[in-house]
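Here's a quick walk through a protein model, with an eye on where the nonpolar side chains sit and on a couple of backbone oddities. Have the structure open while you read.

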Amino acid sequence: DNIQSEIAKTTELGLDIGLFKRLTLSLTYYNTRTEGALFTPPQAPTTGLAAQEDNVGEILNKGYEIALSASIISNEKHRLNGRVSYNYNENEVVSTGGAPEFSVGGFSFLGSFVKEGQPLGYLRGAKVVSGDDGYEVERNAYLGTTFSPTFGTFGLDYTWNNKLTLFLNGDYQYGGQGVNVDDVLRYFGGVNDEDRFPQEVIDGGITSFFDLAGYWVEDANYVKVRTIGAEYNFGSFMDSRVKNLRIGF
């Protein structure tokens, strides 16, 4: 009965600069603090109660965005425009209302957890490290963040004679990690993909699937072209009975 909406308080500073009638540069800094964040922390076992949602969290997101758009070519026949953006975001769970670290998804041996001082939903599990006596296992180690701190977009469009238009747009991210769930399920299904685990680690005596959890975590970096398209404007024809015809792919 006491659950309320999450409240986000944001401070944002921005600057837009136009240069030479061809370049537009945008700079933005933001600092957002979400108070009363809805978490589902576990209850103390002695209460006999199941976990339930409550306004116990506080989350910080701060970072900046740089966006640049440019008119590369601009004349009667040709127009070429480009744009690119770069974002950096720092995510941190500032408070869990006193609740101990708890899972919000994933496998029991390798999941996403909430803990004060860490990114929301960070990955935790066993990690193989090199020691003085060979390889050893670090329990409940930090394995990565599902939040990619660096990301952005890009695009390009070209127009010829106000009739033919070609365009492309995409996005990218860098610095985040994810669990290769497909390969985990393949392993449980009896398919052991080669080169998943380093041979020197296996030779060192670490063969438990759960001890090797960290090797299922992979970088989630990518550059994706989302759309490539073309459009041609035929204008009017048939004595203007067809006033305008555009065909695009």
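## Greasy outside, greasy inside

In this predicted model, Tyr86 counts as partly exposed because its relative accessibility is 31%, between the 20% limit for buried and the 50% limit for exposed. Tyr86 sits in strand E4, and it has company: together with Leu13, Leu15, Leu27, Tyr29, Tyr64, Ile66 and Tyr88 it makes up a nonpolar patch on the surface, with about 680 Å² of accessible area in total. Which strands give two or more residues to that patch? They are E1 (7-19), E2 (23-39), E3 (54-74) and E4 (78-95).

Now for the inside. In soluble globular proteins, nonpolar side chains tend to be buried together. Here the largest nonpolar core has 14 residues, and Phe109, Leu110, Leu212 and Trp216 touch the most other members. Take Leu212: setting aside neighbours within four places in sequence, Leu212 is in contact with Val128, Phe197, Val201, Ile202, Ile206 and Thr207. Another core, of seven residues, lies apart from the largest one and includes Ile59, Ala99, Phe102 and Val114.

Then there are two backbone oddities, both asparagines with a positive phi although neither is a glycine:

| Residue | Phi | Place |
|---|---|---|
| Asn140 | about 50 degrees | strand E8 (residues 134-144) |
| Asn162 | near 60 degrees | loop between strand E9 (150-160) and strand E10 (164-174) |

Is Asn140 buried or exposed? Asn140 counts as exposed because its relative accessible area is 52%, over the 50% cut-off.

Definitions and conventions
Residues numbered from 1 in each chain as written. Predicted model: local features only at pLDDT ≥ 70, side-chain atom pairs only at ≥ 80, totals over all residues. Heavy atoms only, no water. Patch = residues over 30% accessible without salt bridge, like charges linked within 9 Å, V, L, I, M, F, W, Y side chains within 5 Å. Areas by Shrake-Rupley, 256 points an atom, 1.4 Å probe, with all protein chains shown as cover. Salt bridge = Lys/Arg side-chain N within 4 Å of Asp/Glu carboxyl O. Helix = DSSP H or I, 4+ residues; strand = E, 2+ residues; numbered from the N terminus. Buried < 20%, exposed > 50% of the residue type's maximum accessible area, 1.4 Å probe, protein only. Core = buried A, V, L, I, M, F, W, Y, C linked by side-chain atoms within 4.5 Å. Contact = heavy atoms within 4.5 Å.
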